[in-house]
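Reader: Hi! I'm a first-year student and still learning how to read a structure like this one. Could you pick out a single helix, take me through it closely, and then show me how to look at a few other spots in that way?

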Amino acid sequence: MTNEQPMFQATRRRLALWYTIVTAVLLLLFIGMSYLYVRTTLIERIDDTLNHVVEVVQRSLVIEPVNFHQEGGELRVNVEASFPNQADAGEDDHIDLEWFSPDGDLIWSTLAEPLGIPLHSNPSGETVHVVKGEGVLRQVTQRVQIGRQTLGYLRVSHPWFEVTKPIQQLILDLSLGTVLVIVAVGAIGWFLSGLAMEPVRDSYQRLKQFTADASHELRNPIATIQTNVQVALADPDPDPQFQQHQLQVVERLTRRLGRLVDDLLFLARQDSGMVQPKCSEVLMEDLLKDVLEEQQLIALEKQVYLSLQIQEQPSIPIKIVADRDQMARLFTNLIANAVQYTSAGGQVQVMLQRSGKSIQVKVQDTGMGIPEEALPQIFDRFYRVDPARTHHQGEQPQPASGTGSGLGLAIVDAIVENHQGQIQVESKLNLGTTFTVLLPV
């Protein structure tokens, strides 16, 4: 187990835990609101049923005068005529009826025994607790009156278990579902946090490797500069020619350091998204001619033939919209690599042509080529082919010390990606290498 794994594991556990906690809180809030909604809905349905029963019973009441021989006298409810068979119906529907006199005395009831609950008018419904018998009831009490005369009170009761039974089942189902969902969310959160940590882990590994490689690349020229300076300072009788030679070495190393720092800065800005192409119309023929002109002197020193071939009508210029500086850097790196790894007498050919809705630039050399197993890594930062691409007649490639930093092709790949293009490489040992760059017009 590496040292960074516990850090990533702890972060992954925290992510999974927070994901589970947030989901559980939201789920509990949803369950609470669902419970209140279902409970309120059940109570409203029972109250609606009770009020409907009250309306039906009120319409069926038989009201008659107390004294038939006196007009405009007091009225009363004929209980026997009004409630002939309500007891059986009420029992079937789990609804009980009670009729009280205007003074609050119980006159008629479908209950086996009185509830013993004080009478008070409450047409909106209330929940009452009964010490014995029915336990908890939902009741509606309605005053029945004609004009200013109160004929009595009608109380309708419904068992509360019609609410509690489905509510208890709902709570049981929701609790079981909540546990299962939280367990599932925890497992999914662990899986998703692992996926989320993968790019972080990869970035950390790349940063760690990048830092190690950069430190290694910087250490060598810095140590060499320090050694040359110490040797020059330690000479009690300095020789001007020797001093000049030492300064030339230091100057060469500082230029190498400057190029390395520039490359590192470019890649760091590219990774952070700070490098935005300053696009303009670029004539590819002019750009490639400028790059070849800059590399011509180096090619002549190495006795390498450098040429440009345009496979297009001269009257139709090939243009793209791109960052000219980045394009120049891209093809400078490719052509410089081709010249560097081509032996004396070889040639480097640059070919420009249209390819559908893209332009195609090939940089083809006759160098020793790249081993097939090394092709997938050549665009990695600080990667250099080992053994180096040097050539001895009739021999296989031999190791040689490279002078590059291993960032040239990484920069090429970054620039191509920055312009929504593609780059391909084909190479065979002893035959050469071809880089093909496709850029959208």
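Author: Sure, let's start with what packs against helix H6. The buried residues of H6 are covered by several elements, including E8, strand E9 (305–310), E10, helix H7 (324–340), strand E11 (347–355) and strand E12 (358–365). Keep in mind that you're looking at a predicted model.

Now find the helix itself. H6 runs over residues 284–301, which is 18 residues. From its first C-alpha to its last, H6 reaches 26 Å, close to the 26 Å expected at 1.5 Å a residue. There is a bend to look for, though: H6 turns by about 40° at Gln-295. Gln-295 is also one of the buried residues of H6, and the others are Met-284, Leu-287, Leu-288, Val-291, Leu-292 and Ala-299. After H6 comes Gln-303, and its phi is positive, near 60°.

Next, look at two of the strands that help cover H6. E8 takes in residues 280–283, and it pairs with E10 in the antiparallel sense over 4 bridges. If you want a landmark in that pairing, Val-282 stands opposite Ile-320 in E10.

Which side chains of E10 are buried, and which are not? Ile-320 and Ala-322 point to one face and are buried, while Lys-319 and Val-321 point to the other face and are not. That fits a general pattern: in a regular strand the side chains alternate between the two faces of the sheet. So when you go along residues 319–322, follow the side chains one by one and you'll see them switch faces.

Back to that positive phi for a moment. Most residues other than glycine have a negative phi. Gln-303 has company further along the chain. Gln-420 has a phi near 55°, again a positive value in a residue other than glycine. You'll find Gln-420 in the loop between H8 and strand E13 (422–428). Is Gln-420 buried or exposed? Its relative accessibility is 64%, so Gln-420 counts as exposed, the cut-off being over 50%. Asn-430 also has a positive phi, near 70°. Its place is the loop between E13 and strand E14 (432–440). With a relative accessible area of 42%, Asn-430 is partly exposed.

Here's another loop residue to try. Pro-118 lies between strand E4 (106–109) and strand E5 (122–129). At 62% relative accessibility, Pro-118 counts as exposed. Pro-118 and Gly-104 are 14 residues apart in sequence, and their C-alpha atoms are 8.7 Å apart in space.

For a contrast, go to Thr-141, in strand E6 (residues 136–146). Thr-141 has 2% relative accessibility, so it counts as buried, which takes a value under 20%. What touches Thr-141, if you leave aside its neighbours within four places in sequence? The contacts are Leu-119, His-120, Ser-121, Asn-122, Pro-123, Leu-154 and Arg-155.

Helix H5 gives you two more buried residues to check. Leu-260 sits in H5, and at 5% relative accessibility it counts as buried. Leu-260 is 43 residues from Glu-217 in sequence, yet the two are 8.3 Å apart in space, C-alpha to C-alpha. Phe-266 is in H5 as well, and it is buried, with a relative accessible area of 10%. Phe-266 and Ile-415 are 149 residues apart in sequence, and 9.9 Å apart in space, C-alpha to C-alpha.

H5 also turns up around a pocket. The second largest pocket holds about 500 Å³ of space. It is lined by 18 residues, and the closest to its centre are Arg-206, Leu-207, Phe-210, Asp-271 and Arg-381. Helix H4 (161–234), helix H5 (240–272) and helix H8 (408–418) are the elements that give two or more residues to this lining. H4 provides the largest share of the lining, 6 residues.

Finally, zoom out. The chain has 8 helices and 14 strands, and 37% of its 441 residues count as buried. Among contacts with a separation of 6 or more, 64% are between residues 24 or more positions apart. The Phe-266 and Ile-415 pair gave you a taste of long sequence separation, at 149 residues.

Notes
Residues are numbered from 1 along each chain as its sequence is written. This is a predicted model: local features need pLDDT of at least 70, side-chain atom pairs count only at pLDDT 80 or more; totals for chains, interfaces and linings use all residues. Side-chain values use heavy atoms; hydrogens and water are left out. Buried means under 20% relative accessible area, exposed over 50%, partly exposed in between (1.4 Å probe, protein chains only). Two strands pair if DSSP finds at least two bridges between them. The expected span of a helix is 1.5 Å times one less than its number of residues. The bend at a residue is the angle between axes fitted to the seven residues ending there and the seven starting there. Contact means heavy atoms within 4.5 Å. On a 1 Å grid over the protein atoms alone, a cavity is a set of points where a 1.4 Å probe fits but cannot get out, and a pocket is an open set with protein on both sides within 12 Å along at least five of seven lines; lining residues have an atom within 4 Å of a point. Grid points are joined across faces, edges and corners, and a volume is the space filled by probe spheres set on the points.
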